[in-house]
Each structure stands twice: as structure tokens, then as C-alpha cells.
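Thanks for making the time this morning. I would like to walk you through one chain, going slowly, and I will start with a term before turning to the details.

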Amino acid sequence: MSVMRSAQGLSALRDAGNGIVFTSDLGEYPRETYVKVRYGERNTDPMDKVLKSDAEWRAQLSDMAYKVTRKHGTERAGTYEDFPKEPGTYMCVCCGAPLFDQGAKFESGTGWPSFYQPVDADMVGETVDRSFFMKRTEVHCNRCDAHLGHVFPDGPQPTGLRYCINGVSLEFEPEA
Ligand SMILES: [Zn+2]
């Protein structure tokens, strides 16, 4: 998984704090530009991707997981409040990519699992979502394009971000 870029400013962004920070010493970086530069090429690289047909996903996943991850659905709040509290990693239910660490999970009170940062910013992609007359930032698994949820700028420190994730799109794996 190589994301080294020579473009000026991007390395500064990358070093600014686990890829989460959207400003650099060059000034503030527009989020869309950042996302495009950062993820645009990766998204077209078949070597890194898990590509399956709609029928394959439907056969592999539960009805709810299929609706949420492949059809941009949203589970009802409070559906997944029984994740273990022990140390571990939340993986993509579709492809097993490690997405969020237990240590970055926090109680948001929304009824959806919430995290302040992904395990690896390269693994969680973003797109601007204009559905429902709102402008939100959608987040997905960069390896298989599974829709996960949205990210909002009202999270706790150290990032100030709130990744609001559908629990059905995650699989918890306890630390070995
Ligand atoms: Zn995935």
C-alpha cells in the first residue's frame, strides 16, 4: 500500500498527524482537494482493490450488511450497541480490512458506533454526499468500497472528528 507522493505539501499533510489533519504549514487544504489527491488514484488501482459483483456481495453478506455497505443504507440507531469493550480492531465486514481501533471508539450518544480516527487514513476513503438535501462527508472502505457511514467535524480531541459508522459494516476482532 504505497501512498508516497512527491507533490509539495502532501507529505506535510501526511506527517501532520496520522493523515487526519487537513491543514499544513502551507495553509489550509480544501477537504475535497485533499481527498481527491489522496485517494483518487488509489480508487482506480485494481491491484489494491477487492472487486466483486453485486450478486457475489449479496451472497456473502447478511441482508442488512448488504443494504448498508453496498446500497448506501443506514441501520436504525441502537442496532449495534453490544460490541465488546476489550482491546481489538474493527474490520470491514465485506473484505476484512482493518478500519478502526477500539482505542479510538467513544460514546457519542447517537446510537451508532463512533470513532475519532481510522486505524489508517489510507484505508478509509471519503466522498461528498449531497443526498437528503444535506452536504455530508461519506466514508467507505478504500479496499472494497463498502459504505461505512459519515464523518462529522464535531468529534472529540485529538482529531475533532466523529466517524459515525453503521455497526453492521464492522466486524470486531479481539486483540490476539
Ligand atoms: Zn472493505
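When I say that two strands pair, I mean that DSSP finds at least two bridges between them. With that in mind, please look at strand β7, residues 124-129, and strand β8, residues 136-141, which run antiparallel and are joined by six bridges. To fix one position in your minds, V124 has C141 as its bridge partner in β8. The two strands make a hairpin with six residues between them, and in that turn F132 takes a positive phi of about 60 degrees.

Before going further I should say that this is a predicted model, and that confidence varies along the chain. The mean pLDDT of the chain is 78, and 73% of its residues reach 70 or more. Among the elements, strand β6, residues 114-115, has the highest mean pLDDT, at 98, whereas helix α1, residues 10-15, has the lowest, at 36. Over residues 1-47 the pLDDT stays under 50, and for that stretch the model has 40 contacts beyond four places in sequence. Where pLDDT is low, the predicted coordinates should not be read in detail. I will therefore leave that stretch aside, given that its pLDDT stays under 50 and that low values call for such caution.

Now for the overall picture. The chain has four helices and eleven strands, and of its 176 residues, 26% count as buried. If we take the contacts with a separation of 6 or more, 54% of them are between residues 24 or more positions apart.

Where does the hairpin we began with belong? β8 and β7 come at the end of an open sheet of six strands, whose order is β5-β6-β10-β9-β8-β7 and whose pairing is antiparallel. Its edge strands, each pairing on one side only, are β5, residues 105-106, and β7. Further inside that order, strand β9, residues 147-152, is joined to strand β10, residues 162-165, by four bridges, and these two run antiparallel. There, H150 in β9 stands opposite C164 in β10.

There is also an open sheet of three strands, in the order β4-β3-β11, and here too the pairing is antiparallel. The edge strands are β4, at 98-101, and β11, at 170-174, each of which pairs on one side only. From one strand to the next, the twist averages 35 degrees. Strand β3, residues 88-92, is joined to β4 by three bridges, while five bridges join β3 to β11. M91 is a useful residue to follow, since on one side this residue stands opposite P98 in β4, and in β11 its bridge partner is E171. Along the β4 side we also find T89 opposite D101. The hairpin of β3 and β4 has five residues between the strands, and G96 takes a positive phi near 80 degrees there.

What, then, makes up the largest nonpolar core? This core has 24 residues, and those with the most contacts inside it are C92, V93, L99, C141, Y163 and I165. At least two residues each come from α4 (63-71), β3, β4, β8, β9 and β10, and β10 gives the most, with three. You may recall C141 as the partner of V124 in the first hairpin. As for V93, once neighbours within four places in sequence are set aside, its contacts are L61, A65, T69, V168, S169, L170 and E171.

Two of those contacts, A65 and T69, bring us to helix α4, where they are buried together with V68. Seen down the axis of α4, the buried residues fall within an arc of 80 degrees, so they line one face of the helix. β9 is among what covers these buried residues, whereas the face turned away from the buried side carries D63 and K71, which are exposed. Just after the helix, H72 takes a positive phi of about 55 degrees.

I will finish with R58, which lies in helix α3, residues 54-60. Is R58 buried or exposed? A residue needs 20 or more other C-beta atoms within 10 Å to count as buried, and 12 or fewer to count as exposed; R58 has 14, so it is partly exposed. R58 and R70 are twelve residues apart in sequence, and their C-alpha atoms are 8.6 Å apart in space.

Key. Residues are numbered from 1 along each chain as its sequence is written. This is a predicted model: local features need pLDDT of at least 70, side-chain atom pairs count only at pLDDT 80 or more; totals for chains, interfaces and linings use all residues. Axes are lines fitted to C-alpha atoms, for helices over the stretch in contact, and angles run from 0 to 180 degrees between N-to-C directions. pLDDT is the predictor's confidence in each residue, from 0 to 100. Two residues are in contact if their C-beta atoms, placed from the backbone, lie within 7 Å. A nonpolar core is a set of buried Ala, Val, Leu, Ile, Met, Phe, Trp, Tyr and Cys residues joined through C-beta atoms within 7 Å. The arc is that of the directions from the helix axis to the C-beta atoms.
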